[in-house]
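Biologist: Can you walk me through this one? I'd like to start with the fold and then go to the chain contacts.

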There are 2 protein chains.
Amino acid sequence: MADINAIAKQFTDFYYATFDSDRSVLNSLYRPESMLSWEGTPILGNTSITEKLTTLPFAKVQHKVTTLDAQPSSPTVASLLVSVTGLLVVDDSPNPLQFSQVFHLIPDGASYYVYNDIFRLNYA
Amino acid sequence: MADINAIAKQFTDFYYATFDSDRSVLNSLYRPESMLSWEGTPILGNTSITEKLTTLPFAKVQHKVTTLDAQPSSPTVASLLVSVTGLLVVDDSPNPLQFSQVFHLIPDGASYYVYNDIFRLNYA
C-alpha cells in the first residue's frame, strides 16, 4: 500500500498547509455532493463547506499531523479512505487541541476530490 | 441522515459490546477482503483480523464512545462511513486511553460488513 500512503501524505500535506494559510482555496477540493461533519454539524456541498471553513472563529491555526493511515475504500474504484489524528494550535494558544479527521477521496482524472470529511476535536 | 445515524449507533453498540465481551465473535463482521489498520499495522482478511483482535495483550477492556458521526460513502450504494472517538479502559487501569476508529460498512442483504477499519490510540 506504498502508493496509497504516498497519495494520502501528499493530500494531507496540501490540505493542512492550505487550511492554515488560505482556507478559501480548499473550495476546489470539494464538490456539490461533498459532505462535511464539523463537530457533529452536517454540511452539504462545496459552497456551504467553504463558507463554514472560512468563517471558523479563529484567525490563526496550525495543524500538526501525529498519525496518518490510508486504505483503498473500494475493490473497483481507486478511491481511498484517509484517517488523521493530530494537534491543532489555535491563535498561538500554548495548549494544542487534539483532533481526528477522516477523508474519503474519490479519483477525478489525475487528481482527487473529497466526498466525505468528518472532523472532531478530542477532549480529554 | 437520521436513518444513517441510527444504523451507525446500532453497529457501534454491537461492535464494542462484542469486543468487550468476546472478541472472537467479531469475525462474522469481516470478510476475506476486509482491511484493518491497527496502530499503523495493516492486516488483510477476516481470519488475520480476528487473530489480531483476539490476541491483543489485555484481558479486560471497555470502550466508551464519546462522539459518533456517520455519512453515506457513495451516491449509488447504501454503504456508510462511521467515525468514532472515545475512551478505552484497559484492565481496570484508572487512566483511560483516548482512541479514534473509522469503519466503512458495506450493505449485505439486511446487514452490513466491515470493509475498512482504522484504529488509533491518541496520545496527548
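**Sheet, symmetry and cavity**

Modeller: In chain A, 6 strands form an open sheet in the order S2-S1-S6-S5-S4-S3, with mixed pairing. This is a predicted model, where local features need pLDDT of at least 70, side-chain atom pairs count only at pLDDT 80 or more, and totals for chains, interfaces and linings use all residues. Residues are numbered from 1 along each chain as its sequence is written, chains are lettered from A and ligands numbered from 1 in written order, and side-chain values use heavy atoms, without hydrogens and water.

Biologist: Which are the edge strands of chain A?

Modeller: Strand S2 (41-44) and strand S3 (61-72) of chain A, each of which pairs on one side only. Strands here are DSSP runs of E with at least two residues, helices are runs of H or I with at least four, and both are numbered from the N terminus. Two strands pair if DSSP finds at least two bridges between them.

Biologist: How do S1 and S6 of chain A run, parallel or antiparallel?

Modeller: Parallel, with 5 bridges between strand S1 (residues 30-38) and strand S6 (residues 111-122) of chain A. Within that pair, Ser37(A) has Ile118(A) as its bridge partner.

Biologist: And S1 with S2 in chain B?

Modeller: Those two are antiparallel, over 4 bridges. Trp38(B) is opposite Thr41(B). The hairpin has 2 residues between its strands, and Glu39(B) there has a positive phi near 50°.

Biologist: Change of topic. What turn lays chain B on chain A?

Modeller: A turn of 180°, with a shift of 0.0 Å along the axis and an RMSD of 0.0 Å. That is the relation of a two-fold axis. The fit is by least squares on the C-alpha atoms of residues with pLDDT of at least 70 in both copies. In chain B, the residue closest to the rotation axis is Ser100(B), at 3.4 Å (C-alpha).

Biologist: Any cavities, and how many?

Modeller: The search of the whole structure gives 1 cavity of 30 Å³ or more, with a volume of about 40 Å³ for the largest. A cavity is a set of points on a 1 Å grid over the protein atoms alone where a 1.4 Å probe fits but cannot get out, and lining residues have an atom within 4 Å of a point. Points are joined across faces, edges and corners, and the volume is the space filled by probe spheres set on them.

Biologist: What lines the largest cavity?

Modeller: Residues from both chains, including Ser83(A), Gln101(A), Ser83(B) and Gln101(B).

Technical notes: 1 Å grid on protein atoms, 1.4 Å probe; cavity = no way out; pocket = protein on both sides within 12 Å on 5 of 7 lines; lining within 4 Å.
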